[in-house]
Amino acid sequence: MNFSELGLSPALMRAVDSMGLHLPTPIQGQAIPAVLQGRDVWASAPTGSGKTLAYVLPLVQKILQAPKQTNFRRPIRCLVLIPTRELALQVGQVLRQVADSLGLKAVVAHGGVSINPQMMALRGGADVVVATTGRLLDLVAHNALRLSEVQHLVLDEADRLLELGFADELQSVLALLTQAHQTLCWSATATPELAAWAEHGLRDPLRIESDAAEVFEAPQIEQRAIAVDDKKRTALLRHLITTQGWQRVLVFVATRYACAHLASKLCTAGVRASALHGDMSQGARQVALQDFKDSRIDVLVTTDLAARGIDIALLPVVVNHDLPRSANDYTHRIGRTARAGAQGQAVSFISADAFAHWQLIQKRAQVQLPLDVVAGFEPTETPAPTAGVGGIKGKRPSKKDKWRALQQPAG
Ligand code: ADP
Ligand code: MG
């Protein structure tokens with residue numbers, strides 16, 4: 001299928017050409033015509049499958065084609081809600097790339113920075129606002145914008161927006177959309193909360209569940225699990241960076257403290273590394289991410305803050321130094337690599353303590369990986385027996401037996 005067969009106008013086709021895109025991704029092929037028709041869409045498609053442009057292109061076209069208002073203030077016609085600041089900036093960049101040359105005004109609003117420039121930017125209105133929910137509500141409270149004329153609502157990373165801690169803000173925002181509007185939900189992972197919300201929040205939506213068999217859509221991620229002692233993980237990471245010639249590595253840890261700690265250990269060891277976590281100022285967060293994108297640093301150590309949506313071109317390796325809490329988080333973390341049809345590797349360090357949790361993640365994420373052992377980093381610890389749930393000794397393999405049986409030497 002071709003972009004020109006999707007119903008895009010000449011103006012949008014020129015935008016597609018100027019971005020150097022040749023063929024639509026499968027999700028774009030399915031979603032773009034439906035969005036142009038004004039339908040609600042609920043799409044689940046893997047990480048890196050091109051969901052952003054699947055809504056940006058048709059929505060920009062719809063806004064361009066809508067009747068012009070005569071009063072001088074531009075009514076906000078399209079609202080894109082995003083769970084994290086970095087992702088809001090990223091989506092804002094993609095949107096501006098398309099919208100600017102077509103005379104549309106897009107404003108990005110997120111927390112962690114002064115609200116004043118955002119209020120200034122919103123003077124005279126805007127056609128599209130990309131926002132995190134908290135800052136959006138602040139702006140509404142400051143009378144900096146009105147949402148009563150929104151005709152298109154996008155929930156990017158919709159499952160996250162409906163999670164505890166976001167859901168209340170989301171409901172407050174939705175209450176401000178008084179006009180009937182088209183709603184588009186996008187996510188790589190679905191949750192029961194999202195399904196329940198979609199049931200009553202969407203009008204006869206087109207449900208798109210991408211076919212993982214399609215080459216572009218199924219990310220080509222080679223997953224590895226390596227058994228290693230807790231205390232040897234940083235040394236192993238350095239060893240792999242050197243021996244595997246890894247140039248650009250995104251390393252996930254569990255806490256902000258661990259993030260800063262590991263990054264400084266790596267720096268001391270001569271690795272060009274930075275941290276990216278929620279305790280840093282928004283300015284420092286952006287510098288770290290941009291340094292990584294522009295290859296000024298080789299290793300970015302981060303928390304689940306960077307697990308969702310962030311698009312780093314040609315990121316070959318993701319490392320789970322600490323395991324994520326859930327299988328969904330695992331999917332999002334490893335989805336930072338192998339984007340847009342590229343190849344990538346996701347390596348998880350499994351210490352004896354984390355083994356039981358790893359089994360659970362594997363089960364939920366429907367993967368079953370052998371436990372590699374790297375020469376010189378053979379684990380010496382074994383998992384503690386689970387209290388109270390042990391089977392009959394000798395009849396069923398214990399956690400320790402499984403841990404040993406799964407381990408295999410690797411390069
Ligand atoms: P998702 O939101 O599905 O995780 P993104 O929208 O961030 O993915 O897109 C992932 C990458 O794919 C981006 O770098 C984007 O520029 C690229 N991309 C999007 N559409 C196409 C296309 N039609 N052809 C080639 N690359 C594309
Ligand atoms: Mg995305």
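How many aromatic pairs does the structure hold? In this predicted model, the structure holds two aromatic pairs, and both are described below after an account of the chain as a whole.

The chain contains 15 helices and 15 strands. Its radius of gyration is 23 Å, which is close to the 22 Å that the globule rule gives for 411 residues, and the chain is therefore as compact as a globular protein of that length. When the C-alpha trace is laid along its principal axes, the chain spans about 80 × 45 × 40 Å.

Of the 411 residues in the chain, 53% are buried. The contacts within the chain were also examined according to how far apart the partners lie in the sequence: among contacts with a separation of 6 or more, 75% are made by residues 24 or more positions apart. The surface that the chain exposes amounts to about 18600 Å², and carbon and sulfur atoms supply 53% of this area. With regard to charge, the chain carries 43 positive and 37 negative side chains, and the centres of these two sets lie 3 Å apart.

Returning to the aromatic side chains, the structure holds two aromatic pairs. One of them is formed by Tyr55 and Trp186, whose rings are 5.6 Å apart from centre to centre with 40° between the planes, an arrangement classed as tilted. This pair links distant parts of the chain, since Tyr55 belongs to helix α3 (residues 51-65) and Trp186 to strand β6 (residues 182-187), with the two positions 131 residues apart in the numbering. Tyr55 has a relative accessibility of 1% and therefore counts as buried, and Trp186, with a relative accessible area of 0%, is buried as well.

The other pair consists of Tyr330 and Trp358, whose ring centres are 5.6 Å apart and whose planes meet at 65°, so that the pair is edge-to-face; planes over 60 degrees apart are counted in this class. Here too the pair links distant parts of the chain, with Tyr330 in helix α13 (residues 327-334) and Trp358 in helix α14 (residues 355-365), 28 residues apart. Tyr330 is buried because its relative accessible area is 2%, where buried means under 20%, and Trp358 is likewise buried, with a relative accessible area of 1%.

Conventions. Residues are numbered from 1 along each chain as its sequence is written. Chains are lettered from A and ligands numbered from 1 in the order in which they are written. This is a predicted model: local features need pLDDT of at least 70, side-chain atom pairs count only at pLDDT 80 or more; totals for chains, interfaces and linings use all residues. Side-chain values use heavy atoms; hydrogens and water are left out. Helices (H or I, at least four residues) and strands (E, at least two) are DSSP runs, numbered from the N terminus. The radius of gyration is taken over C-alpha atoms; the globule rule is 2.2 Å times the number of residues to the power 0.38. Buried means under 20% relative accessible area, exposed over 50%, partly exposed in between (1.4 Å probe, protein chains only). Contact means heavy atoms within 4.5 Å. Accessible areas come from the Shrake-Rupley method with a 1.4 Å probe; for residues, only the protein chains shown count as cover. Lys and Arg count as positive and Asp and Glu as negative; His and the chain ends are not counted. The place of a charge is taken as NZ of Lys, CZ of Arg, CG of Asp or CD of Glu. Rings of Phe, Tyr and Trp (its six-membered ring) pair if their centres lie within 6.5 Å; planes under 30 degrees apart count as stacked, over 60 as edge-to-face and the rest as tilted.
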